[in-house]
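Welcome! Here is a small set of exercises for getting to know a protein model, each with a worked solution. Take a look at the structure before you begin.

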Amino acid sequence: LIIQFLIGLVIAAVGTVIVPDYGAELGLDRTHEPALLLAFLLAAMGLFIVVSSLTRSGAQQMVGAKLEPGEDIAPELNLLRWQGVVSVLAGAELVVLALDPGLLSGPARSWLLPLLLVILTAQTWVNLLLWRRGDEFFRRVVAEAGIIGFVAFQFLLFFWTARVRFGLI
């Protein structure tokens, strides 16, 4: 847990230095910096989860539990990988939405908006895949704690934000 915390701390520190200090040099002078930082953290966390879930020892460190020799955790590792992919896709969505509003409402809109919709479609597909592969407990937790958040945040607020950032409203 401490190692994971330290890795996250280093990633966050790098992100907080790069975005404000070098954002203008990277063409990010009119971006939404907190959203860009959050996108960076989501993508980094997702990549960390995917990479850690590739090996048994990495998964053991990530979940912080001792695994018995011969214990089959392949189904859990597969679900972890897909959850990491969802985080990477969420980070990619936020990167696009954090860009300069002039870019989003200009000529790049013709390819950025479809790209955003493709990423959202992929993220929704992976979320549905996770739902179908989850056990009863997983489904119940998601249903009770997440359905309002899923609908409100993944669709309603996402589309509102996308419309604002692309200059449609």
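The exercises below go from the whole chain down to single residues, and the model you see is predicted.

**Exercise 1. Describe the secondary structure of the protein: how many helices and how many strands are there?**

Solution. Begin by counting elements: the protein has seven helices and zero strands. Next, write them down in sequence order, which gives the pattern α-α-α-α-α-α-α.

**Exercise 2. Describe the protein as a whole: what share of its residues is buried, and what share of its contacts links residues 24 or more positions apart?**

Solution. Start with burial: of the 169 residues, 29% are buried. Then turn to the surface, where about 10600 Å² is exposed and carbon and sulfur atoms supply 71% of that area. Finally, take the contacts with a separation of 6 or more: 70% of them involve residues 24 or more positions apart.

**Exercise 3. Compare the span of helix α2 with the expected value, and find which of its residues are buried.**

Solution. Helix α2 covers residues 33–52, so the count is 20 residues and the expected span is 1.5 Å times one less than that number. The expected value is 28 Å, and the distance from the first C-alpha to the last is close to it, at 28 Å. As for burial, the buried residues of α2 are Ala35, Leu36, Ala39, Ala44, Gly46, Ile49 and Ser52.

**Exercise 4. Decide for Ile2 and Thr124: buried or exposed?**

Solution. Recall the cut-offs: buried is under 20% relative accessible area and exposed is over 50%. Ile2, in helix α1 (residues 2–22), has a relative accessible area of 64%, so Ile2 is exposed. Together with Phe5, Leu6 and Leu9, Ile2 forms a nonpolar patch on the surface with about 440 Å² of accessible area.

Thr124 belongs to helix α6 (residues 109–133). Its relative accessibility is 15%, so Thr124 counts as buried. Leaving out residues up to four places away in sequence, Thr124 touches Gln154 and Phe155.

**Exercise 5. Find the aromatic pair and say what kind of pair it is.**

Solution. A pair of aromatic rings is described by the distance of the centres and the angle of the planes. The structure holds one aromatic pair. Trp82 and Trp125 form this pair, with 5.9 Å centre to centre and 85 degrees between the planes. An angle over 60 degrees counts as edge-to-face, so the pair of Trp82 and Trp125 is edge-to-face.

Now place the rings: Trp82 lies in helix α4 (residues 74–98) and Trp125 in helix α6, so the pair ties together parts that are 43 residues apart in sequence. Trp82 itself counts as partly exposed, at 24% relative accessibility.

Key
Residues numbered from 1 in each chain as written. Predicted model: local features only at pLDDT ≥ 70, side-chain atom pairs only at ≥ 80, totals over all residues. Heavy atoms only, no water. Helix = DSSP H or I, 4+ residues; strand = E, 2+ residues; numbered from the N terminus. Buried < 20%, exposed > 50% of the residue type's maximum accessible area, 1.4 Å probe, protein only. Contact = heavy atoms within 4.5 Å. Areas by Shrake-Rupley, 256 points an atom, 1.4 Å probe, with all protein chains shown as cover. Patch = residues over 30% accessible without salt bridge, like charges linked within 9 Å, V, L, I, M, F, W, Y side chains within 5 Å. Salt bridge = Lys/Arg side-chain N within 4 Å of Asp/Glu carboxyl O. Phe/Tyr/Trp six-rings, centres within 6.5 Å; stacked < 30°, edge-to-face > 60°.
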